[in-house]
Amino acid sequence: MSLHGRTVPALLAWVNSTKVCPDPLKDLSQLQDCSVFIRIIHKIHGSKEGESVLDQPLPERISFILGFLQKHCRHKLAAENLVSAQKLLDGEELALAKVAMLLLYHAAMSCKNPEDWNEFDYKTQVELASILKFVLDNEECLNENMEAFLQRKAELSSSSMSSTSFEEHSTPFPLPHKGEVRFLKLQRIASFPGTEYDNPALCVPPCSLPSTPSSPMGDIMQTPQFQLRRLKEQLDFERENREELEVEVAENHKLIMEKDAQITMMQQRIDRLVKLNEKQAEDQLEPKEMEELREKNESLVGRLHEAFRQCQDLKTEKAQMDRKINKLSEENGDLSFKLREIASNMVQLQRALNELSEEHNTAMAQSQEKQRQLEKELHAALQDKKSSEEKIEILQGKISQLEDQLAKLEECNTQEKGEVMGDILKV
């Protein structure tokens, strides 16, 4: 089955917007060597850790990309089941589209300014927002639903699709009816009022009602669902960093203990040598032997000073690591507080949604009851009309009969009058 008609152009438009290739791409097959994906990773991740992979064969490039997806996109099946290395090696368009979708998701999560997406036209933003919302809604079941999403059929042909129908069938933000405006406002204005973040890298822009025309990508990046997912990813990333630092601190502490043990052993050896030197001096040892012992002693003292210096350096590094861990602990506490605030906002939004749903159900029930009553009255009126029409037809028949009888009576009266006058005239 071919890929969806609007998804592929939207993904290619996003890939071209990264400007990692000299000429714009026009087909997914141009991504087959995976070099464009690696350059995109360099750009959005801000590192050159895979730069040398560009000179490696295709299997090594694919392995690097799958490892990146598994580590940074938080989808643990990405490297095994979600994207097949063999299908990427074969250049299947479906596998290439999957990688582009996951990198788009990572780029959106890493984006600091939602206005960066305004370079795309509205229809492309709508499709990109649909892709992003699909990944957010299907994080636990991407493996089952991703191929169906990429291969979904368009509901209307492109030749007959108008701009209005495009929005109705593609946008993840359907145009609200009159009764739904209140919920959209609640969802759009949910934010963290009065919260200032000390760390700009963790800053999430608050939601607001824009005065400019709606931007689908900007709207979805301002929803509580997206912000909650971003904070969770940042929290997971900080937690992993903290665990790595703790492992490094433990290793350094172990190394310090080993150095301390070496220093102790050297000090004991020096003490023994000093005692031996004193004893040998007392025994009037030969100058040559004394010189050898003195050199050994000086060598051991030098090694002792070097070990002591290394121990001091390790202690300094340990203190720096402790400060980093304390800072990460504070940031972890801040993120946990923000997560609780978002969870509270989500509960309030859900409660408002439930209230609106109840109001909508009540209004629908009243509307249906009113419709049934009007249909019943219409049916009775139609029956009355039919009965009246039948009565009118009967009356019209009677009138016709009476008119015929009246005509006959008039004719008979005329004949009788003539006969009487005739009788009078003879007479």
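**Entry 1. The loop after α1**

In which loop is C34 found? I looked this up in the model, which is a predicted one. C34 is found in the loop between α1 and α2. I noted a phi near 65° for C34, a positive value in a residue other than glycine. I then checked the accessibility of C34 and obtained a relative accessible area of 0%, so I recorded C34 as buried.

K19 has its place in the loop between α1 (7-17) and α2 (35-45). Its phi is near 55°, again a positive value in a residue other than glycine. Is K19 buried or exposed? I entered K19 as exposed, because its relative accessibility is 62% and the cut-off for that class is over 50%.

I also looked at L28, which is found in the loop between α1 and α2. L28 is buried, with a relative accessible area of 1%. I followed L28 to a residue further along the chain, E92. The two are 64 residues apart in sequence, and their C-alpha atoms are separated by 9.0 Å.

**Entry 2. The chain as a whole**

I counted 13 helices and zero strands in the chain. Read from the N terminus, the order of elements is α-α-α-α-α-α-α-α-α-α-α-α-α. The chain has 427 residues, of which 34% count as buried.

**Entry 3. The two sides of α8**

Which residues are buried in helix α8? In this helix, which spans residues 142-150, I found L142, M146, F149 and L150 to be buried. I then viewed α8 down its axis: the buried residues fall within an arc of 85°, so they line one face of the helix. E144 and A148, on the other side of α8, are exposed. I added a general remark on spacing: an α-helix has 3.6 residues a turn, so residues three or four places apart point the same way.

**Entry 4. Salt bridges**

How many salt bridges does a search of the whole structure find? The search returned eight. As a general remark, side chains of opposite charge can pair when their charged atoms come close. I examined several of the pairs in turn.

In α12, E246 forms a salt bridge with R242, and the closest N and O atoms are 3.2 Å apart. Why are E246 and R242 separated by about one helical turn? The reason is that they lie four residues apart in helix α12. I recorded E246 as partly exposed, at a relative accessible area of 35%. R242 is likewise entered as partly exposed, at 25% relative accessibility.

In α13, I looked at R309 and E306. The closest N and O atoms of this salt bridge are 2.5 Å apart. Both residues lie in helix α13 (residues 287-424), where they are three residues apart, about one turn of the helix. R309 counts as partly exposed at 42% relative accessibility, and E306 is partly exposed with a relative accessible area of 33%.

Also in α13, D322 forms a salt bridge with K318, the closest N and O atoms being 3.3 Å apart. I placed D322 and K318 four residues apart in helix α13, about one turn of the helix. D322 is partly exposed, with a relative accessible area of 28%. K318 counts as partly exposed at 26% relative accessibility. I then asked which residues are joined into one network by salt bridges that share partners. They are E306, R309 and D313.

**Entry 5. A patch of negative charge**

Which residues gather in a patch of negative charge on the surface? I listed E243, E244, E248, E251 and E317. I next asked which helix gives the most to this patch. Helix α12 (residues 224-282) does, with four residues. I took E244 for a closer look. E244 has its place in helix α12, and I entered it as partly exposed, because its relative accessibility is 49% and the exposed class requires over 50%.

**Entry 6. Points to carry forward**

In the loop between α1 and α2, I have C34 as buried and K19 as exposed. For α8, I have a buried set of residues lining one face of the helix, with E144 and A148 exposed on the other side. For α12, I have the salt bridge between E246 and R242 and four residues of the negative patch. For α13, I have the pair R309 and E306 and the pair D322 and K318.

Notes:
Residues numbered from 1 in each chain as written. Predicted model: local features only at pLDDT ≥ 70, side-chain atom pairs only at ≥ 80, totals over all residues. Heavy atoms only, no water. Patch = residues over 30% accessible without salt bridge, like charges linked within 9 Å, V, L, I, M, F, W, Y side chains within 5 Å. Areas by Shrake-Rupley, 256 points an atom, 1.4 Å probe, with all protein chains shown as cover. Salt bridge = Lys/Arg side-chain N within 4 Å of Asp/Glu carboxyl O. Lys, Arg positive; Asp, Glu negative; His and termini not counted. Charge placed at Lys NZ, Arg CZ, Asp CG, Glu CD. Helix = DSSP H or I, 4+ residues; strand = E, 2+ residues; numbered from the N terminus. Buried < 20%, exposed > 50% of the residue type's maximum accessible area, 1.4 Å probe, protein only. Arc of directions from axis to C-beta.
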